[in-house]
Amino acid sequence: MKLLHVVGARPNFPKVAPVHRAAAATGLDQVIVHTGQHYDDEMSGRFFRELEIPAPDVNLGVGSASHAKQTARIIEAIEPVLTNETPDWVVVYGDVNSTMAAALVAAKLLIPVAHVEAGLRSGDRTMPEEINRIVTDRLAELLLIPSKDAGETLRGEGVPKEQIAFVGNVMIDSLFHALPVAQSTGAAKRLEIDEDTVLVTLHRPSNVDSTARLSAVVDALELIAAERRVLFPAHPRTRQRLNEAGVVLRRIELIPPLSYHEMVDAMQASGVAVTDSGGVQEETTALGIPCFTLRDNTERPITISEGTNTLVTDLGTLSELVRASRRPATAPRPDGWDGRAAERVVRALCQAQRGRLGVAQGHQFTNVS
Ligand code: UD1
């Protein structure tokens, strides 16, 4: 069986790494296609090295552009690759433009699509990622879900249960794999991060695109920075928006984006995280670090119901929430957050492939364990 993995943006890389490793251990043929959605070494190359992902077999080099242009470039560039490679499965990850574009092309070429991290919904169609999630899940033949609530969502949308496999969270596989190495990098020590530190990551259009909102977010963070250290590794689009908007940071410490290992070490050493990232909501839950998410909704409700995450819809409450937050005595462990999700992904793919070949009539992919 031949898998063709499609990745493009930073949050894809910790997802493909454990799946590629588990598939390699099973002896499957694999090809990695990087769309080039993210291209800077600090957003892409060093993630491949740290996560030990083999260099991509193909890089489509699409780069940054408007959503329509970026998606169109991926669609156009990936078609001949899929036609030449003729994989048994195209495996796509998460909710970025590369995920949706690849799923669309594969589905039209009648190549089955497996979606890792299927079934997540914020219910907010102003988020570009929500559109990507909905389209990708409509097209995927195998929907690999990280949590049981995602299965309920998909069933509610009419997806047959035979196409849904609960595999758990592959991000947590990467996190557990990286923890010992991350600690040995000494990044937290170098950056002088301790429990007094509030670690911030923000890049979503809803927080950074409007100058009024960006200024209000910075004001709320400055209030916290009057009492304790606020460290802000900034995504390139955030830094660009801060410059364009002329927003000046006074006490907040802005630093370049961290590598994967540095970020893991920084999170586990920090007292609190403030974010709008999906991955950070999950990683802080698994590390037992209180997390405040500056969004009106989340596609990862399990990080609230079972984890350490809190949505902050009123910026005026942020500093008090941060002040009152405490680490839980033990880190939460939602079902399937056990470091073995990628093995279940590979098992589900093999089972689905047997089903496609007609070996197992009436096969069911649910509850692969
Ligand atoms: C993308 C994903 C988002 C994910 C985020 C993580 C979509 C719709 N969005 O958003 O879900 O959370 O990645 O990082 O796919 N840039 C660089 N260097 C790079 C990449 C980007 O400087 O290597 C700058 C460019 O100015 C670019 C901007 O960042 O225009 C935005 O990049 P883009 O990939 O379009 O979207 P993200 O905001 O990164």
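**Around the ligand**

Let's start at the ligand, where a polar side-chain atom of Arg 237 lies 3.2 Å from a ligand oxygen atom; a polar contact is a pair of N or O atoms within 3.5 Å. Glu 129 also brings a polar side-chain atom to 2.6 Å from an oxygen atom of the ligand, and a polar backbone atom of Asn 97 is 2.9 Å from a ligand oxygen. Taken alone, the ligand exposes 750 Å², and the protein buries 87% of that (accessible areas by the Shrake-Rupley method with a 1.4 Å probe).

Please keep in mind that this is a predicted model, in which local features need pLDDT of at least 70 and side-chain atom pairs count only at pLDDT 80 or more, while totals for chains, interfaces and linings use all residues. Residues are numbered from 1 along each chain as its sequence is written, and side-chain values use heavy atoms, with hydrogens and water left out.

Stepping back to the shell, 20 residues surround the ligand, each with a heavy atom within 4 Å of it. Gln 37, His 38, Asp 40, Glu 129 and Arg 237 come nearest. Helix 3 (67–85), helix 5 (128–139) and helix 11 (236–245) each give two or more residues to the shell, and helix 11 supplies the largest share, 3 residues. Helices here are DSSP runs (H or I, at least four residues), numbered from the N terminus. By character, the shell divides into 5 nonpolar, 10 polar and 5 charged residues, where Asp, Glu, Lys and Arg count as charged, Ala, Val, Leu, Ile, Met, Phe, Trp, Tyr, Cys and Pro as nonpolar, and the others, Gly among them, as polar.

How values were computed:
Polar contact = N/O pair within 3.5 Å; in protein donor to acceptor, adjacent residues only side chain to side chain.
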